[in-house]
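Student: I should like to work through this structure by question and answer, with each reply reasoned from the coordinates. May we begin once the sequence and structure are displayed?

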Amino acid sequence: MPLVYAETGKEQVIKRIGGNPEVRKHLTDLGFNVGGTVSVVSSVGKNLIVKVKESRVAVSEELAGKIFI
């Protein structure tokens, strides 16, 4: 299931990161790694605020659709 559909406030385990190699590297650089945990803090318009590795990061709906939990 893509991160876009995750329940707010519930910690999830990242199962897969999709997209082309450039997108996967960008998401990895932001801290999204397979096996790591992520939780959606809130959604603002078409962006999600997510907590990953004790940091809060804003990702677009498009990028969040490439992170599978």
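Student: Is K51 buried, partly exposed or exposed?

Tutor: The model is a predicted one, and the class of a residue is read from its relative accessible area. Buried means under 20% and exposed means over 50%, with partly exposed in between. K51 has a relative accessibility of 35%, so K51 counts as partly exposed.

Student: With which side chain does K51 meet in a salt bridge, and what is the N to O distance?

Tutor: Side chains of opposite charge can pair when their charged atoms come close. A salt bridge requires the nitrogen and the carboxyl oxygen to be within 4 Å. E54, which is exposed at 71% relative accessibility, supplies the other side chain of this pair. The partner of K51 is therefore E54, at 3.8 Å under the 4 Å rule.

Student: How many salt bridges are there by this rule, and which residue forms one with K25?

Tutor: The count comes to two salt bridges. In the one formed by K25, the closest N and O atoms are 3.0 Å apart. K25 is exposed, and so is its partner. That partner is D29.

Student: Why are K25 and D29 separated by about one helical turn?

Tutor: An α-helix has 3.6 residues a turn, so residues three or four places apart point the same way. K25 and D29 both belong to helix 1 and are four residues apart, which means that their separation is about one helical turn.

Student: Which residue caps the N-terminal end of helix 1?

Tutor: Helix 1 covers residues 21-30. The backbone nitrogen of E22 has a side-chain oxygen 3.0 Å away, and this oxygen belongs to the capping residue, N20.

Student: What phi does G31 take just after helix 1?

Tutor: G31 follows directly after helix 1. The sign of its phi is positive, and the value is about 110°.

Student: Is S39 buried or exposed, and which residues does S39 touch?

Tutor: S39 lies in strand 3, residues 37-44. Its relative accessible area is 12%, so S39 is buried. Not counting residues up to four places away in sequence, S39 touches K10, E11, I49, V50 and K51.

Student: Which element gives the most to the largest nonpolar core?

Tutor: This core holds 18 residues, and L3, L27, F32, V38, V50 and V59 touch the most other members. Helix 1, strand 3, strand 4 (47-52), strand 5 (55-60) and helix 2 (61-64) each supply at least two residues. With three residues, the element that gives the most is strand 4.

Student: Which residues does F32 touch, not counting those up to four places away in sequence?

Tutor: F32 is among the core residues that touch the most other members. Its contacts, with residues up to four places away in sequence left out, are I14, I17, L27, V38, V50, V52, V59 and I67.

Student: How many aromatic pairs are there, and which residue lies over the face of F68?

Tutor: The count of aromatic pairs comes to zero. The ring of F68 does, however, have a residue over its face, at 4.0 Å from the ring centre. That residue is R16.

Student: Is P2 buried or exposed, and how far is its C-alpha atom from that of G35?

Tutor: P2 lies in the segment before strand 1. Its relative accessibility is 19%, and P2 therefore counts as buried. P2 and G35 are 33 residues apart along the chain, and their C-alpha atoms are separated by 15 Å.

Note on methods:
Residues are numbered from 1 along each chain as its sequence is written. This is a predicted model: local features need pLDDT of at least 70, side-chain atom pairs count only at pLDDT 80 or more; totals for chains, interfaces and linings use all residues. Side-chain values use heavy atoms; hydrogens and water are left out. Buried means under 20% relative accessible area, exposed over 50%, partly exposed in between (1.4 Å probe, protein chains only). Contact means heavy atoms within 4.5 Å. A polar contact is a pair of N or O atoms within 3.5 Å; within protein, one must be able to donate a hydrogen and the other to accept it, and residues adjacent in sequence count only if both atoms are side-chain atoms. Rings of Phe, Tyr and Trp (its six-membered ring) pair if their centres lie within 6.5 Å; planes under 30 degrees apart count as stacked, over 60 as edge-to-face and the rest as tilted. A charge sits over a ring if NZ of Lys or CZ of Arg is within 6 Å of the ring centre and within 35 degrees of the ring normal. A nonpolar core is a set of buried Ala, Val, Leu, Ile, Met, Phe, Trp, Tyr and Cys residues joined through side-chain atoms within 4.5 Å.
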